[in-house]
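Welcome! Take a moment to look over the sequence and turn the structure around. Then let us walk through it together.

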Amino acid sequence: MGQYGQGVFATKPYVSSANYIDKMSDYCGDCKYYKTKDTGEGACPFNALYWDFLDRNEEQLRSNHRMGLMYSHVDNKQESGEMDEIRERVAELREMAAAGEL
Ligand code: SF4
């Protein structure tokens with residue numbers, strides 16, 4: 001993500017949900033958060049933050065051919081209303097982080 005943000009060659013932003021973190025590490029195994037949940041009690045913070053990041057940066061990222069699949073998921077979440085729940089979860093996460101409770 002940093003490389004993408006600085007204009008250095010990168011084909012897509014380096015940002016991920018728990019799905020990728022779980023594939024690339026063993027962190028999720030002992031974690032108190034649920035890696036498969038986007039919202040609700042105990043949902044992995046990375047999931048809501050990931051979808052919120054894509055939603056907020058849609059204008060810049062949607063045209064990237066490597067992001068097509070992810071934006072089809074964003075479309076589904078927008079149409080179903082799930083993105084509203086994700087935004088609420090992100091607001092909650094930001095408050096928790098500010099209070100040192102995350
Ligand atoms: S916070 Fe999410 S991505 Fe990180 S270890 Fe826990 S479940 Fe996995």
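A salt bridge is a side-chain nitrogen of Lys or Arg within 4 Å of a carboxyl oxygen of Asp or Glu. Please keep in mind along the way that this is a predicted model. By the salt-bridge rule, the count here comes to 10. Behind such pairs is a simple idea: side chains of opposite charge can pair when their charged atoms come close.

Let us begin with K35 and D22, whose side chains meet in a salt bridge with 2.8 Å from N to O. K35 sits in the loop between α2 and α3, while D22 belongs to helix α2, so this pair ties together parts that are 13 residues apart in sequence. How accessible are the two partners? K35 counts as partly exposed, at 39% relative accessibility, and D22 is also partly exposed, with a relative accessible area of 25%.

K35 leads us to the ligand, because K35 is listed among the residues around it. Its companions there are A18, I21, Y27, C28, C31, Y33, C44 and F46. What kinds of residues make up this shell? Eight are nonpolar, none is polar and one is charged. Since Lys counts as charged, K35 is the charged member of the group.

Now move to R87, which takes part in two of the salt bridges described here. One joins the side chains of R87 and D55, at 2.7 Å from N to O. R87 lies in helix α6 and D55 in helix α3, so the pair ties together parts that are 32 residues apart in sequence. Here R87 is partly exposed, at 36% relative accessibility, whereas D55 is buried, with a relative accessible area of 12%.

R87 also forms a salt bridge with D84, and the closest N and O atoms of that pair are 2.9 Å apart. R87 and D84 are three residues apart in helix α6, so about one helical turn separates them. D84 is partly exposed, its relative accessible area being 44%. Elsewhere, salt bridges that share partners join D38, K77 and E82 into one network.

Stay with helix α6, which spans residues 82-98 and holds I86. Is I86 buried or exposed? I86 counts as buried, because its relative accessibility is 0%. Leaving aside neighbours within four places in sequence, I86 is in contact with D38, T39, A48, W51, D52 and K77. For one of these contacts, D52, the separation from I86 is 34 residues in sequence, yet 6.8 Å in space from C-alpha to C-alpha.

Another of those contacts, T39, is found in the loop between α2 and α3, the latter covering residues 45-56. T39 is buried because its relative accessible area of 18% falls under the 20% limit. Not counting residues up to four places away in sequence, T39 touches E85, I86 and R89.

Finally, let us come out to the surface. Which residues form a nonpolar patch there? They are Y14, Y20 and M24, with about 390 Å² of accessible area together. Y14 has its place in the loop between α1 (2-5) and α2 (18-24). With a relative accessible area of 62%, Y14 is exposed, in contrast to I86, which is buried at 0%.

Methods
Residues are numbered from 1 along each chain as its sequence is written. This is a predicted model: local features need pLDDT of at least 70, side-chain atom pairs count only at pLDDT 80 or more; totals for chains, interfaces and linings use all residues. Side-chain values use heavy atoms; hydrogens and water are left out. A residue is near a molecule or strand if one of its heavy atoms lies within 4 Å of it. Patches are made of residues with over 30% relative accessible area and no salt bridge: like charges are joined within 9 Å, nonpolar side chains (Val, Leu, Ile, Met, Phe, Trp, Tyr) within 5 Å. Accessible areas come from the Shrake-Rupley method with a 1.4 Å probe; for residues, only the protein chains shown count as cover. Helices (H or I, at least four residues) and strands (E, at least two) are DSSP runs, numbered from the N terminus. Buried means under 20% relative accessible area, exposed over 50%, partly exposed in between (1.4 Å probe, protein chains only). Contact means heavy atoms within 4.5 Å.
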